[in-house]
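Good morning, and thank you for coming. Please take a moment with the sequence and the structure before I begin.

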Amino acid sequence: MSRITLIFFLLALGTSAQEKETDLNFRKQIEAYNTSFSTFFMEGNIDNFSKLYTEQTIFLPEHSRERIGKKNIVDFYKQWLSEVKIVAFKKTIYELQNLGNYILEIGNFKEDFAKKDHKIYSYSGKYMILWKLAKKGKPMTIAAEIWGSDSYIDDKEFPEINDANIPNTKEYSDSDKLTVEIKERNQNIRKLVQERNGAEHAKMFMSDAIYLTYYTPMLSGIKDITDYFVDHEKPGTLKIESISIKTSAIIKTEKAVVEFGFYSVDWRDGENNGNVKGKSTNVWKRNQDNQLLLFRQMVNHD
C-alpha cells in the first residue's frame with residue numbers, strides 16, 4: 001500500500017469512527033428524551049414533555065387531524081390527558097437515520113391508559129419523529145411526529161379529541177422542480193391504488209425501505225412491502241371511487257426529502273361505502289438511476 005493510499009485509508013477510518021461517535025451521541029440524547037417524556041407523560045406534566053416542540057412542528061396523531069405548532073400540540077395533549085390516566089408508556093428505538101441536518105427516529109411504543117370507566121386500554125404501535133439539529137450547545141427540536149397502531153383499534157377506545165378549532169390542512173403550493181416531481185409520483189400512486197395494482201405500487205419503494213402503515217406492524221424490506229400491497233390492493237369487490245393525495249409541506253434535508261401528505265379516499269364494496277381520510281410522512285431518496293423512491297413512509301388515519 002502506497003503512503004498516499006494509506007493516508008486516505010486512515011482518513012476514511014477516522015471519518016467513519018467520528019460519524020459513529022456522532023450517531024451514538026444523538027442516540028443518547030434521544031433515549032434520554034424518550035425516558036423523560038415517558039415520566040412526564042405519565043405524570044401529566046405537559047409543560048415539561050412539550051419543550052422540544054416548536055411553532056413549526058408538524059404533528060400527525062392517529063385518529064385526529066394534522067396540527068401545526070406547539071400551541072395546537074399542547075391542546076391535543078390537554079384533551080388526551082383530561083380523558084385518561086396514563087398507566088404505562090415506553091418507546092423503543094428501532095433505528096436512527098442521520099439525514100445530515102436532521103435525524104429520523106423510527107421506533108415502537110406501548111401505552112396503557114385508564115379511561116373514566118376505569119378500564120385499562122392497551123395501545124401498541126410504531127412511530128416516526130424527525131429531529132432538527134441545532135447549533136452546538138443547543139438542544140435538538142422536533143420538526144415532525146407521527147404514530148399509529150400495530151392493529152385495528154376502534155376510534156371509540158381513544159380519548160375524544162375535538163379538532164374543530166384546527167385549521168384545514170392546506171396544499172403545499174411551491175412549483176420548484178423537486179416539488180413537481182414529488183407530486184407526479186403521488187399522482188402515480190393515486191392511479192395505482194385506484195387500479196388496485198399493488199405489485200406496481202410496491203415498486204415506488206427502495207429495496208431497503210421501511211413502511212409503517214395503519215393497523216399493521218412495521219414492514220421492513222421490499223419483500224414484506226410487496227407482499228402487503230399485493231394483498232391489500234388486490235382486485236376484488238372493493239372499488240376506489242375517488243382518491244386524492246396531496247402534499248402539505250416539504251423539508252429538504254441534506255440526504256433526503258421529507259414530504260408530508262394528506263389523502264381522502266371514497267370507497268365502495270357492494271352495498272357498503274364510505275370515506276377515509278389520513279396523512280403521511282414520506283421520506284424520498286434517489287436510487288442509482290436518479291429515480292425518486294420512498295425510503296421510509298408512515299401513514300395513519302384521521
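I shall describe two sheets, the helices on them, and two cores.

This is a predicted model, in which local features need pLDDT of at least 70, side-chain atom pairs count only at pLDDT 80 or more, and totals for chains, interfaces and linings use all residues. Residues are numbered from 1 along each chain as its sequence is written, and side-chain values use heavy atoms, with hydrogens and water left out. Helices (H or I, at least four residues) and strands (E, at least two) are DSSP runs, numbered from the N terminus. Two strands are said to pair if DSSP finds at least two bridges between them.

Let me begin with one sheet. It is open, with six strands in the order β2-β1-β6-β5-β4-β3 and mixed pairing. At its edges stand β2 (67-68) and β3, each with a single partner strand, so one side of each has no neighbour in the sheet. Within the sheet, β1 and β6 are parallel and joined over four bridges; there, Leu60 stands opposite Ile146 in β6.

Which strands does helix α3 lie across? Helix α3 lies across β1, β2, β3, β4, β5 and β6, and runs at about 55° to β1. Contact here means heavy atoms within 4.5 Å; axes are lines fitted to C-alpha atoms, for helices over the stretch in contact, and angles run from 0 to 180 degrees between N-to-C directions. The expected span of a helix is 1.5 Å times one less than its number of residues. For the 14 residues of α3 (residues 70-83) that gives 20 Å, which agrees with the 20 Å between its end C-alpha atoms.

The buried residues of α3 (buried being under 20% relative accessible area, with a 1.4 Å probe and protein chains only) include Tyr77 and Trp80. This leads to the cores. A nonpolar core is a set of buried Ala, Val, Leu, Ile, Met, Phe, Trp, Tyr and Cys residues joined through side-chain atoms within 4.5 Å. The largest has 34 residues, and those with the most contacts inside it are Phe41, Tyr77, Trp80 and Trp131. Helix α3 gives the most to this core, with six residues. Leaving aside residues up to four places away in sequence, Tyr77 touches Phe37, Phe41, Ile46, Phe49, Tyr53, Phe59, Glu145 and Trp147. Apart from this core lies another, of 25 residues, among them Ala209, Tyr211, Leu219 and Phe229.

I turn now to the other sheet. It too is open, with six strands in the order β8-β7-β12-β11-β10-β9 and mixed pairing. Its edge strands are β8 (219-220) and β9 (238-252), each pairing on one side only.

Why is β7 described as largely enclosed by the rest of the structure? Six of the eight residues of β7 are buried, so the description follows. Four bridges join β7 to β12 in parallel, whereas two bridges join β7 (residues 205-212) to β8, and these two run antiparallel. Tyr211 stands opposite Gln297 in β12 and opposite Leu219 in β8. A hairpin is formed by β7 and β8, with six residues between them; Tyr215 in the turn has a positive phi of about 60°.

Helix α4 (residues 177-195) lies across β9, β10 (257-269), β11 (272-286) and β12 (292-301), at about 160° to β9.

Technical notes: Buried < 20%, exposed > 50% of the residue type's maximum accessible area, 1.4 Å probe, protein only.
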